Amino acid sequence: MNVIIAMVAALVVGFALSALLGRILVPWLHKLKFGQTILDIGPNWHKQKQGTPTMGGLMFIAATVVSFVLIIVIDKIMGGDLIGTGYLVPGAVKAKIYGGVLMALGFGIIGFLDDYIKVRKKQNEGLTVIQKTILQVLVSGAYIATLVLSGNRFLVLASGKTWDYGGTLLFCIFTFIVIYATVNAVNFTDGIDGLCSSVTITAAVAFAAMALVRECFGAGVLASALAGACAGYLIWNWHPAKCFMGDTGSMFLGGMVVALAYAIDNPLILLLAGIIYVAEGASDVIQILYFKLTRRIARRTDPNATGKRLFKMAPIHHHFEKSGWSEEKICIVFSIINLCGGAIGFVLYALGG
């Protein structure tokens with residue numbers, strides 16, 4: 001099958017499945033009373049979203065996987081091999097793509113457990129930090145082992161050359177940091193209607209383009225399926241949202257963007273293709289550190305002094321909310337910024353290749 005046709009088909013099928021699944025999933029979640037509990041520390045106008053169905057990420061998870069598998073199977077029936085084409089060791093590229101999908105699904109399951117506990121307890125506390133971290137370490141470890149055992153432990157540099165990370169141990173440590181930071185940064189991005197899904201669409205488009213340059217056609221099909229599925233979900237999640245993706249969806253998306261970055265052998269490109277994720281995660285860390293630092297300084301003269309906040313609220317999208325920006329404006333501006341980051345990343349990646 002022609003790779004462009006395959007990617008377009010994956011995008012269309014992903015969009016259609018996700019949009020149609022919403023017609024089934026949203027009423028079903030309403031019936032089960034799987035509603036979101038809104039934190040008191042958030043913007044006070046978010047309280048009106050109390051009870052909006054969560055776990056809506058299930059629709060784009062299913063749509064992404066089904067669309068990807070369907071196109072690959074059809075291509076296989078037609079005698080093609082989109083994933084292994086152009087590789088001396090087809091098994092290696094298949095390991096990182098299939099392993100990446102399984103990793104994303106693993107994170108989606110962790111998110112589902114977290115969401116399920118929240119809705120059953122009717123509070124915003126699901127898995128404990130320790131429980132969630134242990135599960136994330138297990139999923140990350142399985143994916144890292146897959147990359148190591150299949151020989152996929154090298155990085156394509158901007159010059160087009162490759163780097164082997166200086167050894168397996170350094171590769172494992174670096175990859176775990178990338179996975180953990182990315183998955184949690186994507187999770188932070190899911191804070192207002194439509195933001196995480198719209199930003200992920202732009203990231204997926206960038207990865208699809210870079211996959212074509214890399215001639216990693218399987219990753220191109222996977223990225224296209226993800227972009228289409230997120231677009232279909234956006235019909236249900238655009239403000240005012242009819243459902244939220246929950247940790248089920250955001251953690252899956254985090255796993256997917258990591259999988260796509262490693263599929264094209266350049267996780268560092270996430271700094272550009274996922275620049276909004278970086279800003280969201282960094283703003284939260286900076287806010288905490290700045291508060292603690294200013295509190296420590298202030299308490300030298302006043303034992304009861306508190307710290308200062310650099311942003312009105314973190315992650316950064318809440319800062320703009322409290323500055324008067326509408327949720328729609330934040331989604332559009334942030335998506336444009338991420339698209340620009342992805343475009344710059346694509347140019348650098350293409351020149352390097």
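Reader: How much area does the chain expose, and what share of it do carbon and sulfur atoms supply?

Author: In this predicted model, the chain exposes about 15,900 Å², and 70% of that area is supplied by carbon and sulfur atoms.

Reader: What makes the radius of gyration of the chain agree with that of a compact globule?

Author: For 353 residues a compact globule would be expected to have a radius of gyration near 20 Å, and because the chain has 20 Å, the two agree. Along its principal axes, the C-alpha trace spans about 70 × 50 × 35 Å.

Reader: Why is the aromatic pair of Phe112 and Tyr116 called stacked?

Author: The ring centres of Phe112 and Tyr116 lie 6.2 Å apart with 15 degrees between the planes; since rings pair if their centres lie within 6.5 Å and planes under 30 degrees apart count as stacked, the name follows. Both residues belong to helix 3 (residues 90-121), where being 4 residues apart separates them by about one helical turn.

Reader: What makes the pair of Tyr165 and Phe174 tilted?

Author: Here the angle between the planes is 45 degrees, at 5.5 Å centre to centre, and because an angle that is neither under 30 nor over 60 degrees counts as tilted, this pair receives that name. Tyr165 and Phe174 also belong to one aromatic cluster with Trp163 and Phe171.

Reader: How do you know whether Tyr165 is buried or exposed?

Author: Buried means under 20% relative accessible area, so Tyr165, at 1% relative accessibility, counts as buried, whereas Phe174, at 25%, counts as partly exposed.

Note on methods
Residues are numbered from 1 along each chain as its sequence is written. This is a predicted model: local features need pLDDT of at least 70, side-chain atom pairs count only at pLDDT 80 or more; totals for chains, interfaces and linings use all residues. Side-chain values use heavy atoms; hydrogens and water are left out. The radius of gyration is taken over C-alpha atoms; the globule rule is 2.2 Å times the number of residues to the power 0.38. Accessible areas come from the Shrake-Rupley method with a 1.4 Å probe; for residues, only the protein chains shown count as cover. Rings of Phe, Tyr and Trp (its six-membered ring) pair if their centres lie within 6.5 Å; planes under 30 degrees apart count as stacked, over 60 as edge-to-face and the rest as tilted. Helices (H or I, at least four residues) and strands (E, at least two) are DSSP runs, numbered from the N terminus. Buried means under 20% relative accessible area, exposed over 50%, partly exposed in between (1.4 Å probe, protein chains only).
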